[in-house]
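This briefing asks which structural details deserve attention before the model is used any further. It moves from how the numbers were produced to individual residues and their contacts.

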Amino acid sequence: MRLNFGVLKRPKSPIPGFGLTMGYTVFYLSIIVIIPLIALFTEAFSLGWEAFINATTEARVVASYKLTFVTSLIAALVNTFFGLIVAWCLVRYEFFGKRIFDAIVDLPFALPTAVSGIALTTLYSSQGWFGQYLEPLGIKVVFTPIGITIALIFIGLPFVVRTIQPALEEIQIEQEEASASLGASRWQTFYKVILPTIFPALLTGFALSFARALGEYGSVVFIAGNMPFKTEISTLLIITKLEQYDFAGATAIAVVMLVISFVMLLLINMLQRWSSRRRGMEAI
């Protein structure tokens, strides 16, 4: 009797093999991301190290860094808190007009940023719908850091909501019911059961909102007023340098923003990975 041990073959996949896909990935990322970044660094350091330091540490430039990062951080934190509430409402409850509200969340994605800036400036100006009531109270929004923060909140909210929604949808109601049956309060159930599950998504939403705010220009330029040392953000200063044909100075500022943003996002991703691993170890 003769036994025939055939070689098992993997079923054919509609997606090409590793070699082809990896090669295309490296090529695509090189053309779209890596080579432009290399060109950015090359242009920035064409100034020379001393000139690079001087260009990136001017008092006006440092003031723009502080304003950009502080307003972006505040906007991302606000979006993380209220984005969680919005996502929770859209996932857990059924109500009239739910689909309309769900679509409104994506509106900042669809609107041109310049349109968003004009709309916000109109609302919060001294004669605007909101501004006419805020200014008598001593709260001036237009041409202040408050206006910049509001614009950054507007454009960053969808990133948080759309990141948290899938995480909330994956949570089984039985887990909350089991927690309640063991005597846990609503706050304890949220803190011990729900929050650890959605925490990685919460961090991702925060990171996306923060990164989006750092690079925002169109929605901020109208409401900021663009006053040096007061309401001038880094992206606007980069545009100003370009208009003055100071390409090396503009790229130097852009490199600093890029490096700081990359480091902060890297730290957030490391924290997210640590949280996921810790959650997995606790599950075991």
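Helices (DSSP runs of H or I with at least four residues) and strands (runs of E with at least two) are numbered from the N terminus. The model is predicted, so to speak of local features requires a pLDDT of at least 70 and to count side-chain atom pairs a pLDDT of 80 or more, while totals for chains, interfaces and linings use all residues. Residue numbers start from 1 along each chain as its sequence is written, and side-chain values rest on heavy atoms, without hydrogens and water.

**Backbone outliers**

- Most residues other than glycine have a negative phi.
- F229, which sits in the loop between α11 (218–224) and α12 (234–243), departs from that pattern with a positive phi near 70°, although the residue is not a glycine.
- The relative accessible area of F229 is 55%, so this residue is exposed (over 50%, against under 20% for buried and partly exposed in between, with a 1.4 Å probe and protein chains only).
- F143, likewise not a glycine, has a positive phi of about 65°, and its place is in the loop between α7 (131–134) and α8.
- With a relative accessible area of 39%, F143 is partly exposed.

**Salt bridges**

- Side chains of opposite charge can pair when their charged atoms come close.
- Six salt bridges are counted in the model, each one a side-chain nitrogen of Lys or Arg within 4 Å of a carboxyl oxygen of Asp or Glu.
- One of them joins the side chains of E94 and K98, with an N to O distance of 3.2 Å.
- The two partners of this bridge fall into opposite exposure classes: E94 is exposed because its relative accessibility is 70%, whereas K98 is buried because its relative accessible area is 17%.
- Another bridge pairs the side chains of D102 and R162 at 2.9 Å, N to O, and it links distant parts of the chain, with D102 in helix α4 and R162 in helix α8, 60 residues apart.
- Both of these side chains belong to partly exposed residues, since D102 has 27% relative accessibility and R162 has 23%.
- R162 also forms a salt bridge with D106, where the closest N and O atoms are 2.9 Å apart.
- That pair, too, links distant parts of the chain, for D106 lies in the loop between α4 and α5 and R162 in helix α8, with their positions 56 residues apart.
- D106 is itself partly exposed, because its relative accessible area is 28%.
- Which residues do the salt bridges with shared partners join into one network? They are D102, D106 and R162.

**The largest cavity and its lining**

- A cavity is a set of points on a 1 Å grid over the protein atoms alone where a 1.4 Å probe fits but cannot get out, and its lining residues have an atom within 4 Å of a point.
- The lining of the largest cavity is made up of T68, T71, S72, I148, L152, A213, L214, E216, V220, I233 and T235.
- Three helices, α3 (59–92), α8 (145–170) and α10 (186–214), each contribute at least two residues to the lining of the largest cavity.
- Which element gives the most to this lining? It is α3, with three residues.

**Two further helix positions**

- I35 belongs to helix α1, which covers residues 18–44.
- Because its relative accessible area is 47%, I35 is partly exposed.
- T251 is found in helix α13, which covers residues 247–283.
- Is T251 buried or exposed? It is buried, because its relative accessible area is 13%.
- T251 and F143 are 108 residues apart along the chain, and their C-alpha atoms are separated by 26 Å.

Key:
1 Å grid on protein atoms, 1.4 Å probe; cavity = no way out; pocket = protein on both sides within 12 Å on 5 of 7 lines; lining within 4 Å.
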